[in-house]
Amino acid sequence: MCAWAAAWLAAGRDQGLKRARLLLAGGGVVRVPPWWSWRRLLPVGRVRLLPVLRMRREWLCLPVALVVAVLGESVLPVIAGAVAVPLVRRRLRARELGREQERRAEEVITLCGAVAGELRAGLQPGQALLFAARSTNVLGGAEAAVLAAARFGGDVPQALREAAREPGADGLAGVAACWRVSVDSGAGLAAGLDRLEAALRADRDQRADLRSQLTGARSTIVLLALLPLAGLGMGWAMGAEPLRILLHTPAGLMCLVVGGLLETAGLYWAGRIVREGDAR
């Protein structure tokens with residue numbers, strides 16, 4: 001009953017969207033399934049819950065901790081799983097931000113090439129920026145200000161510098177500089193954008209090459225981090241009952257705490273070394 005109620009509440013979130021479709025349908029017909037239909041009761045039919053599961057992967061720590069708690073007959077793994085949830089969420093969020101920065105940096109390169117192409121096609125700089133910005137989402141929250149400045153003759157370089165404050169959009173500062181130079185001195189904007197695009201591509205390729213060289217180091221860190229779990233598995237296979245010793249004896253608890261601290265310190269140290277190498 002609880003699962004049915006949760007699914008019904010999740011399906012009820014789409015009532016506003018369905019009502020809007022009915023109002024905007026005009027003379028057409030919008031088919032709405034009855035209340036007893038499985039499409040209304042189980043949103044899984046339209047795979048709506050999969051994005052939610054992908055966004056909440058950190059909560060998988062709790063089922064894993066619960067399984068370990070049942071096997072070890074202790075509540076300590078549940079507490080450790082609850083503590084791990086915000087840490088894993090922070091780590092996943094950092095990875096998402098990193099991917100978003102890479103995507104925005106790639107879109108800056110695309111924007112430079114698109115604007116240069118439109119300029120060579122005979123468009124004015126403002127019109128070229130308007131046409132090129134439609135194919136990218138690099139401007140972020142400053143998109144309205146940049147497009148308004150380009151359309152109505154405003155301060156486009158200043159608007160681009162504001163947009164460059166977004167993570168990963170640092171290349172827009174170079175676009176603003178090229179724009180300022182072309183306006184002040186009459187230099188060719190397309191040539192400057194071509195050189196900026198080439199420089200951004202070279203920087204991107206250099207980061208990709210460095211990241212590929214650090215892949216071996218990251219794999220080694222992961223392998224070393226999993227060695228304690230391999231030791232626990234070997235002990236369980238030999239019948240030594242490692243979970244009972246670690247969770248129910250004073251010596252085992254001491255070893256668990258000391259080992260956990262050393263594992264955390266080692267992962268932090270190795271990760272810091274890799275991050276410093278990646279930053280260079």
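Start the tour at helices H7 and H8, whose crossing is left-handed. This is a predicted model, so keep that in mind as you click around.

**Stop 1: H7 and H8**

Select residues 143-152 for H8 and bring up H7 beside it; the two pack at an angle of about 145 degrees, with their axes 8 Å apart. Now show side chains. On the H7 side, pick Gly126, Leu129, Leu130 and Ala133. Facing them from H8 are Val146, Leu147, Ala150 and Arg151. Colour this contact by class and you get 6 nonpolar residues, 1 polar and 1 charged.

**Stop 2: back along the chain to H6 and H7**

Keep H7 (residues 125-133) on screen and add H6, residues 76-120. Their axes come within 8 Å and cross at roughly 135 degrees. That angle makes H6 oblique to H7. Here the crossing is right-handed, whereas the one between H7 and H8 is left-handed.

Which residues of H6 meet H7? Select Leu111, Ala114, Val115, Glu118 and Leu119. Their partners in H7 are Pro125, Ala128, Leu129, Phe131, Ala132 and Ala133. By class, that contact splits into 10 nonpolar residues, no polar ones and 1 charged. While you are here, click on Leu129 and Ala133: they belong to this contact and also to the one with H8.

**Stop 3: H5 against H6**

Stay with H6 and add H5, residues 61-72. The pair packs at an angle of about 165 degrees, the axes 8 Å apart. H5 and H6 are therefore roughly antiparallel to each other, and their crossing is right-handed.

For the side chains, start with H5: Cys61, Leu62, Ala65, Leu66, Val68 and Ala69. Then add the H6 residues they meet, namely Pro77, Val78, Gly81, Ala82, Ala84, Val85 and Val88. The class count for this contact is 12 nonpolar, 1 polar and no charged residues.

**Stop 4: the second largest pocket**

Last, move on to H12 (215-237) and H14 (250-279), the elements that each give two or more residues to the lining of the second largest pocket. What is the volume of this pocket? It comes to about 180 Å³.

To outline the pocket, select Ile221, Leu224, Ala225, Leu262, Glu263, Gly266, Leu267, Trp269, Ala270 and Ile273. Which helix gives the largest share of that lining? H14 does, with 7 residues. Switch to colouring by class and the lining shows 8 nonpolar, 1 polar and 1 charged residues.

How values were computed. Residues are numbered from 1 along each chain as its sequence is written. This is a predicted model: local features need pLDDT of at least 70, side-chain atom pairs count only at pLDDT 80 or more; totals for chains, interfaces and linings use all residues. Side-chain values use heavy atoms; hydrogens and water are left out. Axes are lines fitted to C-alpha atoms, for helices over the stretch in contact, and angles run from 0 to 180 degrees between N-to-C directions. Helices (H or I, at least four residues) and strands (E, at least two) are DSSP runs, numbered from the N terminus. Angles under 35 degrees count as roughly parallel, over 145 as roughly antiparallel, 65 to 115 as roughly perpendicular and the rest as oblique. A crossing is left-handed if the near helix is turned anticlockwise from the far one by less than a right angle, and right-handed if clockwise. Contact means heavy atoms within 4.5 Å. Ala, Val, Leu, Ile, Met, Phe, Trp, Tyr, Cys and Pro count as nonpolar, Asp, Glu, Lys and Arg as charged, and the others, Gly among them, as polar. On a 1 Å grid over the protein atoms alone, a cavity is a set of points where a 1.4 Å probe fits but cannot get out, and a pocket is an open set with protein on both sides within 12 Å along at least five of seven lines; lining residues have an atom within 4 Å of a point. Grid points are joined across faces, edges and corners, and a volume is the space filled by probe spheres set on the points.
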